[in-house]
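Let's take a friendly tour of the charged side chains in this protein. Have the coordinates open as you read.

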Amino acid sequence: AYRLPRWKGQKHYVELWVEKDALAGVLEPLANEAHVTMMVNRGYSSQSAMYEASLRFRRARLPGILLYLGDHDPSGEDMVRDIQDRLDLFGADVQVRKIALTMAQVEQFEPPPNPAKMSDPRADKYVEQHGAESWEVDALPPNVLARLIRAEFRTVINKAAMDAVKQQEEQDKVLLARAGESLRGGHDE
C-alpha cells in the first residue's frame, strides 16, 4: 500500500480524457503504464464531474495538461473549448490539448466519414470550417491511438523523474519490510 507521489519532479500533472466509452479498454492500460488518470467524459461532462476534475488538477500543484481524444464532428470539436472553459471556471491551471481526432489525422489515416449531424447546434460553424463530413475517433486503429498517446506522453512526462520516484518507492518498501521484521523479532506471527 506504500506509494510515493508519482508526479514529484514533473513539470506538469497529466490526465488522459476520451469522449468514447468504447475506447476505455484500449486506453486504460496506456494510462496505467504512464501513471496517468484516465477519464471517459461521454460527451459534455456534468458540472460535478468537471468540478472533481478541477480538484485533481489543483491538488497536483503543477500546471496541468489534459490530453483529449474525441470525434471530429460539431460537438467533438466544441468539447475541447467546453472542457477548457469549465476547468478555468473552477480555478484549475490546465491546458487542454486535443491529440485525436484532428483533421491532419483524418487526412493521414482516412477513417470512414459520416455526415455531420446537422441537428447539432454547432453544425453550421463546423460545416463552414470542415465541410459536411465528420469522423469518429474510434475509427482509428488501436495501435495508431496507442502510438499517438505514447508520443504525447513522451513530450509531457519526464520518464527519468517518474522512474526515480518508483525506484525510491521500491527501496523504501524493502526498508519498511526489514523494519517490520525487526519489530516482530525476526519471526512471522
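Which side chains meet in a salt bridge at 3.2 Å, N to O? They are those of Arg 122 and Asp 120. Keep in mind that this is a predicted model.

## Arg 122 and its partners

Asp 120 is a buried residue, with a relative accessible area of 11%. Its partner Arg 122 has 27% relative accessibility and so counts as partly exposed.

Arg 122 also forms a salt bridge with Asp 78, here at 3.9 Å from N to O. Asp 78 belongs to helix α3 (residues 74–89), while Arg 122 sits in the loop between β5 (114–115) and α5 (123–130), so this pair ties together parts that lie 44 residues apart in sequence. Asp 78 is buried too, its relative accessible area being 15%.

## A pair within helix α7

Now for a pair inside one helix. Asp 163 and Lys 166 are both found in helix α7 (residues 159–183), with their positions 3 residues apart, or about one turn of the helix. They form a salt bridge whose closest N and O atoms are 3.5 Å apart. Asp 163 is partly exposed at 28% relative accessible area, and Lys 166 is partly exposed at 27% relative accessibility.

## The wider picture

Salt bridges with shared partners link Asp 78, Arg 81, Asp 85, Asp 120 and Arg 122 into one network. The two bridges of Arg 122 described above, to Asp 120 and to Asp 78, involve members of this network. In total, the structure contains 18 salt bridges.

Notes:
Residues are numbered from 1 along each chain as its sequence is written. This is a predicted model: local features need pLDDT of at least 70, side-chain atom pairs count only at pLDDT 80 or more; totals for chains, interfaces and linings use all residues. Side-chain values use heavy atoms; hydrogens and water are left out. A salt bridge is a side-chain nitrogen of Lys or Arg within 4 Å of a carboxyl oxygen of Asp or Glu. Helices (H or I, at least four residues) and strands (E, at least two) are DSSP runs, numbered from the N terminus. Buried means under 20% relative accessible area, exposed over 50%, partly exposed in between (1.4 Å probe, protein chains only).
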